[in-house]
Each structure stands twice: as structure tokens, then as C-alpha cells.
Amino acid sequence: MPSDRLRWRDVHATTPFRLTLLLGSAFLAALWATLATSYVFTAHELTARSDQILFTRAKSLLASSPSTLPDRVRAEIANATPGLNYFALFGQDGEQVVGDIDLPAPPRIGAPYAVPAAAGVHGPLRVLAVRTAAGETIVMGRDISPIQDLRVRLLQILLVSGLGGTALVVAAAMLLSLGPLRRVRDLERTSRIIAAGGLHHRMPVAGRRDELDQFAATVNLMLDEVAHVVAQVKSATDAIAHDLRTPLTRVRATLYRMRQETVLPDAARGVTERAIEDLDAVVDRFAALLRIAELEASGRRAGMASIDLQTLLGEVAELYDPLAEERGVALTVDLRDRPRITADPELLFEAVGNLLDNAIKFTRSQVTLRLREREDLPVIEVIDDGPGIPAEEREAVLRRFHRASGAAGIEGTGLGLAVVSAILHLHGFTLTFEDATPGLIARIALRAYPT
């Protein structure tokens, strides 16, 4: 039995969780994209500001005359913030005229570029080199260590913010999803009960007037209509069976007395006997229909008791052994386990008896009644070597009047398995069919031991 407790290993398969995951992923993608964009644009702006300062200095120095340019460069060096701005002037021959910067390679003219380090400089530089009208080269450098430190600090802040935001979004998504997920679990559990035949159950409505409530209300309305139609059909079927069984029984009795007390021609006697056989089949069908109606309507629990399965199954096998012997079928009984369960012994006897009777009818040579324990739960198996039931018909044969395609020419009403299904449903047990290659395995899985 599946647990009613919400488990996260089952949650990932639900539609609300997938929707929450999709929306949360989209939000987190937008969050990280925003943080990454902020970092890139901020870092670019810091570099652009340094470049702007270099261009401003270069413009000022280029406005100086060649004779005063060396003095202007010396003045810039003297007035510059120590360890931040650097200047140098190179002659036409490439020799340094004045300056406090020594680049590891000849300067690149035109656009600012980064230099990892230079002689006498602690940190990386942003360098701009420009050519004067006289052919001299002015080189300006700006220490960008503070900018790099600021970038690192900014990156750390954004990463911490992003991770914190991600954790908050995930936590909020989980907390916001718990309520809908529990409601979906309740809807799923109720739908399984309804699918098993509990048409009186209804989908839970939380009163929030959201999509889940609308869905539950729509399903409940549909169930009301379905239950009404099913009740009408069952009522009509049961009423017909009840009203016709008595007059048909009287007709059968009249024909039987006429056959016994009156000398009839051979042709008339044959017709009478066939009519009695047909009436017996109809009365049996009506009796089975009323039996199913009784089981479905009563929900009887008074007969429930703790029973020894081995003893009960032994009695069933003893009852049907003469029938198997009469038909030349070997009935094997394998009851090595002795579990006890809570059940109505008369009803369970009837259900197993019906399965055993079907197996004896359809088998070729052998039927086995077996009791086993699987995963600490008892399982009853009736195995034959007959034609079996096609996989696509194994649910249909549990409905009223449906007979398997291989049942043609074999006596039966098409209601035996419906009676078995009604009895097992009353107990909460399940009936499944499997191939025995050749033949069929009818398996009754009993829910649990009594507490």
C-alpha cells in the first residue's frame, strides 16, 4: 500500500512541482543574468573612467609647445598622486627624455591598453601613448589596482547576493508548493479509490476557488452524474432479476412436474428438458446478479474475523476435489504457509471456490491451489494449464456478463468473476491475472495481517 505521507522522491513527478520548477528556474536565470550584466557594465564603466582621465591628460599635454613639454611632464609627475599616475616623454629617437615609468616593451600608440606591471610600479597599469606634432611620444599610466580590487569585491558581493537569492527562491518555491502538492496527493488518493469502484467518494475541495478546486468540483459533478446513471442501471437490473426470478422458478417447477407426472412424446420431452435447462441458466444468472447487488450494497463487516488461511483453503480444495476427479483434472494443493488474516470466511471461501471452479472448467489436465507469503503479505494463487485469458481482456472479465474469447462452448453465466471481484473489493483485496505459459495464474493479494 502506498503511504499517504508526502515524499520528495515522488514530488518531482507532479505537474505543480514541474510548473514551480519551471517558473523558479526562469526567475533564477533572470536573477543571475541581471547580476552578471551589472558586473560587466560596472567593470566596463570603471575602466572607461580611467581611460577618460588618461585622454584628458593627453589632450592637455599635447596642447603644450615642444619647448615647454618636458617641463609640463615634470610638473605632472610632481603634482601626480604618488603610486597612482605616471608620466614619461620619449624623444624622436625613442630615448626617454623625462619620466617615472619604464615600460617592459615599446608603447603602443593610440588606444589605452593594460600593462601587467612596470619597473617601480606596484600594480597593473592602464597605459595611453600619444604622438606629438614634433614626433615625440608622451606616455601616461594609471595604476588600476584599486579598480581591480573593486571588481573583485563587487564580484564577491554579487555572487553572495546571487547565492542568497537562489537559496531564498528555492526555499520559497518549496514552501509555496507544499500546499498544492498535498492537495494533488489527496486528489490522487481519492481518484484511486474512485477508480477502484468507490463512486460515493468525492474529490476534496479546499475552498480556495483556484484551478485545483475548479478541477475537483468538475470531477465531482461528473461523478454525481455517473453514480446516478450507474445506480439507475443497477437498480433496473436488480429489480428485473428480483421480479423475474420467482415467476421463472414457478415456470421451471411446473415444467419439471409435467415432465415427471405426464407421459410425453419423445419430441415434447426433449423440448421440455431443454426449456428446464435454459430456465436453470437464467435463474442462475439472476441469482448471481442479486448476489453481486447484495455484496455491493451491504458492505457487510459483521462477519469479519481472524481466520487461518491454510485451514480455509484446505476446506475449499476438499469441496472441489470430487469435481476435479470427475472431470479428470489433477488438483494439487500447496499450502506450506499458515498466515492469519481478517476476513469474512464465508465470502472468501466463495471467492476462492469460484476461481477454483473456473480453473477446473477451463484447464486441460492440472489445477494448483497455492498459498504463499510475499513481502510479509499472504497471496493465494489458482493456477491452471488451460487456454488462459488474453491480456487485453483481463479487466473486462471482471465485469458482469463478459466472457473471455476462449470461453465459447463452456458452461457459465459470465458473472462468476464479477462475484469474486465484488467480494474482494469488499475486503480491500486485489485480483490479478498472469500467464502461466501455458494457462493462467489467478492471484489474490491480501492487504495485511490483522492488528
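Which side chains meet in a salt bridge at 2.6 Å, N to O? In this predicted model, the pair consists of R370 and E381. The two residues connect distant parts of the chain, since R370 belongs to strand β9 and E381 to strand β10, with their positions 11 residues apart in the numbering. Their surroundings can be described separately: R370 is partly exposed, at 23% relative accessibility, whereas E381 is buried, with a relative accessible area of 0%. The pair also belongs to a network, in which salt bridges with shared partners join R370, E381, E434 and R443.

Across the whole structure, the search finds 12 salt bridges. One of these is formed by K361 and D357, whose closest N and O atoms are 3.5 Å apart. Both residues lie in helix α8, and because they are 4 residues apart there, about one helical turn separates them. D357 has a relative accessibility of 19% and therefore counts as buried, the limit being under 20%. A further salt bridge brings together the side chains of E76 and R72, at 3.9 Å from N to O. These residues are located in helix α3 (residues 69-79), where a spacing of 4 residues again corresponds to about one helical turn. E76 counts as buried at 15% relative accessibility, while R72, at 28%, counts as partly exposed.

A contrasting case among the charged residues is E136, which is buried yet takes part in no salt bridge. The nearest side chain of opposite charge is that of R131, at a distance of 9.9 Å. A salt bridge requires nitrogen and oxygen atoms within 4 Å, so this separation leaves E136 without one. E136 is placed in the loop between β4 (125-131) and β5 (137-143). With residues up to four places away in sequence set aside, E136 touches L69, L89, F90, G91, Q92, V130 and R131.

In soluble globular proteins, nonpolar side chains tend to be buried together. The largest nonpolar core in the model contains 41 residues, of which L348, L356, I380 and I444 touch the most other members. Two or more residues are contributed by each of α7 (309-326), β8 (340-343), α8 (345-362), β9 (366-374), β10 (377-384), α9 (416-427), β11 (430-435) and β12 (440-445). Helix α8 supplies the largest share, 8 residues. The surroundings of I444 illustrate the packing: beyond its neighbours within four places in sequence, I444 is in contact with V352, L355, P378, V379, I380, L424, F429, T430 and L431. Another core, of 13 residues, lies apart from this one and includes L54, L61, L69 and V73.

Nonpolar residues also occur on the surface, where W32, L155, L159 and L163 form a patch with about 350 Å² of accessible area together. Helix α4 (residues 145-195) provides the largest share of the patch, 3 residues, whereas W32 lies in helix α2 (residues 15-62). W32 is partly exposed, with a relative accessible area of 31%. Patch membership requires over 30%, so W32 satisfies this condition.

Helix α4 also contains T190. This residue is buried, with a relative accessible area of 11%. Not counting residues up to four places away in sequence, T190 touches H201, R202, M203 and P204.

Terms used
Residues numbered from 1 in each chain as written. Predicted model: local features only at pLDDT ≥ 70, side-chain atom pairs only at ≥ 80, totals over all residues. Heavy atoms only, no water. Patch = residues over 30% accessible without salt bridge, like charges linked within 9 Å, V, L, I, M, F, W, Y side chains within 5 Å. Areas by Shrake-Rupley, 256 points an atom, 1.4 Å probe, with all protein chains shown as cover. Buried < 20%, exposed > 50% of the residue type's maximum accessible area, 1.4 Å probe, protein only. Core = buried A, V, L, I, M, F, W, Y, C linked by side-chain atoms within 4.5 Å. Contact = heavy atoms within 4.5 Å. Lys, Arg positive; Asp, Glu negative; His and termini not counted.
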